[in-house]
Amino acid sequence: MKRTSALRGLAAAALAFVALALLPAPAQALDSTTWLQRNLVGIGYLAGGGVDGTYGPNTTAAVRSFQHDNGLDEDGVYGGRTELALHNKVAEVQRAVGSGADGAYGSGTTDAVTTWQRAHSLSYDGIAGPATMNALGIARTVQITAQWKFGSHGWSVSGQFGCLDQIYIHESGWKVYATNPSSGAYGIPQALPGDKLAAAGSDWQTNPNTQLSWGLDYIKGRYGDPCSAWGFWQSHNWY
């Protein structure tokens, strides 16, 4: 009786092991990693030879660089927030060059970018790196996104951006999902309450462009310009 029970236990354990082995692989499996790498190559964060399906140090470093530029926690992990931001950035490129905006940087997107680069007298390699993004009118970083809004507010980048940079470094570290655990202030500009950002767009929780539109309008209306706001911040530790 004891021997039979032991054998049954071993058989059950073996079956459980086989069942686990047959489960789908977790996040960053081969296919998802390959497409992540293709997207990173397409917008200039990873070398072309980096598409190997392995989530190694080069891919991790490229993800961190993308996260840094797009106001995300720089952990090198391809989680949901990074996936959304990367998908949106690739789709921006695709819309700008007239290809299908599915967020996947495949051969069709590479061809469309190459054609666009040639038509605009740029070096043509099919990669939407910094120079091509700038020519397309796509802000590569959250800081550039803010700078490009200065003209419509009557501010100069040379005169005012340093002050804005200090405010947002102190408030949120330029992080899109920054949340103050005490007050609930949210986003790059730390709107309080966070849902004030909805005045600039329904995607206020995830889109740095929407958050910055609200944030710069707030500074314009309350202080006139970022340096006046920064002066207030230095005296009060809030703005």
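Helices here are DSSP runs (H or I) of at least four residues, numbered from the N terminus. One more thing before we start: the model is predicted.

**Exercise 1. Work out which helices build the lining of the largest pocket, and what that lining is made of.**

Step 1: start with the space itself. The largest pocket has a volume of about 450 Å³.

Step 2: look at the residues around it. There are 23 in the lining, and those nearest the centre are Lys-89, Glu-92, Asn-207, Pro-208 and Asn-209.

Step 3: assign helices. At least two lining residues come from each of helix 4 (80–97), helix 7 (142–147) and helix 10 (208–222). Helix 4 gives the largest share, with seven residues.

Step 4: sort by class. You get ten nonpolar, eight polar and five charged residues in this lining.

**Exercise 2. Now do the second largest pocket: find its volume, the residues closest to its centre, and its classes.**

Step 1: the volume comes out at about 270 Å³ for the second largest pocket.

Step 2: 14 residues line this pocket, and Glu-171, Ala-185, Gln-190, Leu-192 and Tyr-239 are the closest to its centre.

Step 3: the class split of the lining is eight nonpolar, four polar and two charged.

**Exercise 3. Helix 4 packs against helix 5 and also against helix 3; decide for each pair whether the helices are oblique or roughly perpendicular.**

Step 1: take helix 4 with helix 5 (residues 107–119). Their axes are 9 Å apart, and the packing angle is about 55 degrees.

Step 2: apply the cut-offs. Roughly perpendicular needs 65 to 115 degrees, while roughly parallel needs under 35. Helix 4 and helix 5 are therefore oblique to each other. As for handedness, helix 4 passes helix 5 in a left-handed crossing.

Step 3: see who touches whom. On the helix 4 side you have Val-93, Gln-94, Ala-96 and Val-97, and they meet Thr-109, Ala-112, Val-113 and Trp-116 of helix 5. That contact has six nonpolar residues, two polar and no charged.

Step 4: turn to helix 3 (residues 57–69) with helix 4. Here the axes come within 11 Å and cross at roughly 75 degrees, so the two helices are roughly perpendicular to each other.

Step 5: list the contact. Helix 3 brings Val-63, Phe-66 and Gln-67, and helix 4 brings Thr-82, Ala-85, Leu-86 and Lys-89. The classes are four nonpolar, two polar and one charged. Lys-89 should ring a bell: this residue is also among those nearest the centre of the largest pocket.

**Exercise 4. Describe how helix 9 crosses helix 10, and say which residues make the contact.**

Step 1: the axes of helix 9 and helix 10 come within 13 Å, crossing at roughly 115 degrees.

Step 2: the crossing of helix 9 past helix 10 is right-handed.

Step 3: Leu-164, Ile-167 and Tyr-168 of helix 9 make the contact with Leu-212, Gly-215, Leu-216 and Ile-219 of helix 10. Six of these residues are nonpolar, one is polar and none is charged.

**Exercise 5. Locate the cis peptide bond and the non-glycine residue with a positive phi.**

Step 1: recall the background. Most peptide bonds are trans, and most residues other than glycine have a negative phi.

Step 2: check omega. Leu-192 and Pro-193 are joined by a cis peptide bond, with omega about -5 degrees. Pro-193 sits in the loop between helix 9 (157–171) and helix 10. Its partner Leu-192 already turned up close to the centre of the second largest pocket.

Step 3: check phi. Ser-121 is not a glycine, yet its phi is positive, about 60 degrees. You'll find Ser-121 in the loop between helix 5 and helix 6 (130–136).

Terms used. Residues are numbered from 1 along each chain as its sequence is written. This is a predicted model: local features need pLDDT of at least 70, side-chain atom pairs count only at pLDDT 80 or more; totals for chains, interfaces and linings use all residues. Side-chain values use heavy atoms; hydrogens and water are left out. On a 1 Å grid over the protein atoms alone, a cavity is a set of points where a 1.4 Å probe fits but cannot get out, and a pocket is an open set with protein on both sides within 12 Å along at least five of seven lines; lining residues have an atom within 4 Å of a point. Grid points are joined across faces, edges and corners, and a volume is the space filled by probe spheres set on the points. Ala, Val, Leu, Ile, Met, Phe, Trp, Tyr, Cys and Pro count as nonpolar, Asp, Glu, Lys and Arg as charged, and the others, Gly among them, as polar. Axes are lines fitted to C-alpha atoms, for helices over the stretch in contact, and angles run from 0 to 180 degrees between N-to-C directions. Angles under 35 degrees count as roughly parallel, over 145 as roughly antiparallel, 65 to 115 as roughly perpendicular and the rest as oblique. A crossing is left-handed if the near helix is turned anticlockwise from the far one by less than a right angle, and right-handed if clockwise. Contact means heavy atoms within 4.5 Å.
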